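I am opening my notebook to record, step by step, what I looked up in this structure. I want to keep each entry short and in whole sentences.

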Amino acid sequence: MGVSNKIKYQGMIRDLVDDGELIDYEKSEYIVDGEELGHHRWIIGLVNNKVITILEADDSDPFMNLENLYAVEKRKGYASIAMGLITHAANKWGVNMELDVAPFDYSLATGIKNNHVIMDEEKLERFYQRFGFVKNNLDGIDYFHRIVV
């Protein structure tokens, strides 16, 4: 038996927080076979808080979910830098990742809806593929997975 998901996720998040700033953390706990497990949600500012990322993980799930990656300043390369930090930490800790491709059509800072999306779905898919994510279809739903080998 290898290192538990719980240990891998904690290590990866610790490295990301060392590179950035923990903005918020939520945890709900549950017990399975006498072991305390949890569902976690971290909001982390990376690249001097120019990128806000939301990561979710369940200690019993083999995949950490990259829920959101939002660059406050667009077209400056900050999202690429943040993805490099995330994938480096995932590689180091052996964390498999998954995400759904969904372009932002609103500002996280203001909450105002934009009619202009910086990256459409196709461009966003190519962006994530640059970082090792592979498109899969499960039950008619497209997901992107990144497996650490």
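The entries below go from the sheet to its hairpins and then to the helices.

**Entry 1, the sheet.** I noted at the outset that this is a predicted model. I looked up the strand order and found an open sheet of seven strands, arranged 1-2-3-4-5-7-6 with mixed pairing. I then asked which strands stand at the edges. They are strand 1 (21-32) and strand 6 (134-138), and because each has a single partner strand, one side of each is left without a neighbour in the sheet. From one strand to the next, I read an average twist of 25 degrees.

**Entry 2, the pairs.** Starting at one edge, I saw that strand 1 and strand 2 pair in the antiparallel sense over 11 bridges, and that Y25 stands opposite W42 in strand 2. Their hairpin has two residues between the strands, and there D33 takes a positive phi near 50 degrees. Next I checked strand 2 and strand 3, which are also antiparallel, with eight bridges, and in which R41 faces E56 of strand 3. This second hairpin has four residues between its strands, and V47 in the turn has a positive phi of about 55 degrees. Strand 6 and strand 7 (residues 141-146) pair in the antiparallel sense over five bridges, and I found that the bridge partner of N136 is Y143 in strand 7.

**Entry 3, helices on the sheet.** I wrote down that helix 1 packs on the sheet and touches strands 1, 2, 3, 4 and 5, its direction making about 20 degrees with that of strand 2. Helix 2 packs on the sheet as well, touching strands 2, 3, 4, 5 and 7, and its direction makes about 165 degrees with that of strand 4.

**Entry 4, helix 1 alone.** Helix 1 has 15 residues and reaches 21 Å from its first C-alpha to its last, close to the 21 Å expected. I listed its buried residues as N5, Y9, G11, M12, I13, D15 and L16. Among the elements that cover them are strand 3 (51-58), strand 4 (63-71) and helix 2.

**Entry 5, the two helices together.** How do helix 1 (residues 5-19) and helix 2 (residues 78-93) pack, and at what angle? I read an angle of about 145 degrees with the axes 9 Å apart, and the crossing is right-handed. On the helix 1 side the contact includes I7, M12 and L16, while on the helix 2 side it includes L85, I86 and W93. I recorded that the contact residues divide into eight nonpolar, one polar and five charged.

Key: Residues numbered from 1 in each chain as written. Predicted model: local features only at pLDDT ≥ 70, side-chain atom pairs only at ≥ 80, totals over all residues. Heavy atoms only, no water. Axes fitted to C-alpha atoms, helices over the stretch in contact; angles between N-to-C directions. Left-handed = near helix turned anticlockwise from the far one by under 90°. Contact = heavy atoms within 4.5 Å. Nonpolar A, V, L, I, M, F, W, Y, C, P; charged D, E, K, R; others polar. Expected span 1.5 Å × (residues − 1). Buried < 20%, exposed > 50% of the residue type's maximum accessible area, 1.4 Å probe, protein only. Pairing = 2+ DSSP bridges.
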